[in-house]
2 protein chains.
Amino acid sequence: MKQAPANTRFAAVAVDIVIFTIIDDVLCVLLGIVDRPPHYQNIEACIGGLVEVNETTEAALHRHLQTKTTLQNLYIEQLYTFSEIERDKRNRVISVSYLGLVRQSEDVTSLPEGLRWCPVHELPKLAYDHSDMFAVAYSRLKGKLAYTTIAQFLLPKTFTLTELQRVYELITGAHIDKRNFRKKLLSLDVVKETGRMQEGMKNRPAALYTFKTTKLVELPLLT
Amino acid sequence: MKQAPANTRFAAVAVDIVIFTIIDDVLCVLLGIVDRPPHYQNIEACIGGLVEVNETTEAALHRHLQTKTTLQNLYIEQLYTFSEIERDKRNRVISVSYLGLVRQSEDVTSLPEGLRWCPVHELPKLAYDHSDMFAVAYSRLKGKLAYTTIAQFLLPKTFTLTELQRVYELITGAHIDKRNFRKKLLSLDVVKETGRMQEGMKNRPAALYTFKTTKLVELPLLT
DNA sequence: TAACTTCGTGCCGAGAGTACACTAACAAGT
DNA sequence: ACTTGTTAGTGTACTCTCGGCACGAAGTTA
C-alpha cells in the first residue's frame, strides 16, 4: 500500500467508495480490513487508495477497484469530499468519496481475502472517518431512491415487480402496498415487460420486466 | 497568488465557490478576473484558491473569501470535486467546489476591484472548468429550491411573500399563481408573520414575514 | 385433486393541486 | 377631496393523485 509523503506543502488526495449490494434480501456494504498500526488495527474501512498526480479521481477509483476486487459493472457517483485534518491519523489525506451500487446478478459473493459484505444494520465502527462516509452514502441512496430509478443498479437486468418493490422496502424500511406500487411504477413508463416469466418457481411465476434505459432517470417514484 | 509546486507526486488541492445573489430582480454570480498568462488572460472565473496542508477545505474557502471579498453571512454547501487532468492548464490542481448564497440585504454591491456580479443569463466563457462548475451549481440550486427552504438565503431576514415568490419565479423561470403559492407555503408552516409592514411604498404595503428557523428545511415547496 | 404459495388486478374516498377575479390599501396627482 | 394607479390579499370549484383495501388465477407439491 502506498503512503503519502510526509513533508509536502499539500495534502495527498485519496478516493474511497461505499459499495452497496443486496444479498439474500439484506442490504450490505463492502468492507476491507485495515492493518496500519498504530492507529488502525483490527478495524475495517471502505476500500480506496491514493490518487496519482496524472490521473483523475475517477481513474484512480477504477484502478483501485480493479486491483482490490473483481467487481464489474458498478454504478458509481461522486458523493462528498472529506478534508478534516485528523481524518487519517497517519498522514494528511483529503478523500473524495464515491457511492457504488452493484447488481445482485453480478458475481458479488466471490470476494478476495480481507473483504466482506457487511449488512448495513450490523456495521461496526470503521477506520478513518468512514463511518461518517457510510452515513452520507446511505442517506444519498435513500434520497435518490425516492426520485430516481437508481434501484435498477441493485437488481438484475430483468426482474419481477415484486423484486423491485422489495428493494424499496429494504432501503426505506417501510411497507409498500403492492397494487399502489405497481400502479405508480407503470404510470411512470420506465419499465417494460420482457415477455418472459420466472422459471423454477414452486408457485405462480411472475412476469419479468426490464428498465427501458440503463441510464438513471429522475422521476418521483415514491412520496 | 500562490502557485502549486511543479514536481510533487500528488496534485494540489484548491477550493472554488459559485456564489449567487439576487440584485435588482436578476440572479447573478460572483466572478473575478483571472490574469495568468499564457493560458488564462482576459477571462473570468469563480473565486477560490489553494488549500494548505494544515487546513480543511472549508477553512481554506473561508480564508480565501475573507481575503478576496467583504461578503459575510453566506450560506455554503459543498458541490462537487473536479479532477480532470487538464482542468487547469498550468498545474495539476484538483478543485473542491462549493455553492454559496448571499442575501440581498447584505452589502453585496461594494465589491473590490476585479470582481463583479454577472447575471446568470449573460455569463461569459469562464477560465479553467468553471463553466462546468457553474452549470453544476445552478442545477443544484434549482433542484434544492424545489424541496428545501434554500430560498431563504437569497432574501433579507424579513421579506414579503411576493418577494419570496419572486425568488422562485426567477430561478425556475416559471410563473406561479399567487394564491396557490401562498396557500402551499403557509400550509408548510415554515414562515411566520413579523407583525410589521413594508414602509415607504407608493402602494399598499405588504406584510413582512420571516422564516421560523435559519436552518435549511427539507420540504416539497414546489411540484 | 386438494393444499399451498405468490401473482396480478379495481374501486372508492380523501386530500392536494390547479385554475381563476375581485376588493382593499396606500400614494400621487389633479 | 376625489380620481387614478399600483400592488396586497383572499376563496371556490374542479381534477387528479394518493392511499387503503380483498380476492380469483396460476403454478408446484403431496
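How many residues surround DNA strand C, and which are the closest? The legends below take up this question and then turn to the two protein chains.

The model is predicted, so that local features need pLDDT of at least 70 and side-chain atom pairs count only at pLDDT 80 or more, while totals for chains, interfaces and linings use all residues. Residues are numbered from 1 along each chain as its sequence is written, chains are lettered from A and ligands numbered from 1 in the order in which they are written, and side-chain values use heavy atoms, with hydrogens and water left out.

**View 1. Protein surface near DNA strand C****.** DNA strand C is surrounded by 21 residues (a residue is near a strand if one of its heavy atoms lies within 4 Å of it). The closest are A:Lys178, A:Asn203, A:Arg204, A:Ala207 and B:Lys183. Of the atoms of DNA strand C that come within 4 Å of the protein, 44% belong to sugar and phosphate. The surface near the strand has 11 charged, five polar and five nonpolar residues (Ala, Val, Leu, Ile, Met, Phe, Trp, Tyr, Cys and Pro count as nonpolar, Asp, Glu, Lys and Arg as charged, the others, Gly among them, as polar).

**View 2. Side chains at base nitrogens of DNA strand C****.** A side-chain N or O atom of A:Lys178 is 2.9 Å from a base nitrogen of the strand. For B:Asp177 the corresponding distance is 3.3 Å, and for A:Lys183 it is 3.4 Å. The elements giving two or more residues to the surface near DNA strand C are α4 (178-188) of chain A and α4 (178-188) of chain B (helices, H or I, at least four residues, and strands, E, at least two, are DSSP runs numbered from the N terminus).

**View 3. Interface of chain A and chain B****.** In this interface, 28 residues of chain A are in contact with 28 residues of chain B (heavy atoms within 4.5 Å). The buried area is about 2400 Å², with 57% from carbon and sulfur atoms (accessible area, 1.4 Å probe, that two parts lose on being put together, summed over both). In chain A, the residues that lose the most area to chain B are A:Arg9, A:Phe10 and A:Val53, together 28% of what that side buries.

**View 4. Chain A laid on chain B****.** A turn of 180° and a shift of 0.1 Å along the axis lay chain A on chain B with an RMSD of 0.1 Å (least squares on the C-alpha atoms of residues with pLDDT of at least 70 in both). The two copies are therefore related as by a two-fold rotation axis.

Terms used. A polar contact is a pair of N or O atoms within 3.5 Å; within protein, one must be able to donate a hydrogen and the other to accept it, and residues adjacent in sequence count only if both atoms are side-chain atoms.
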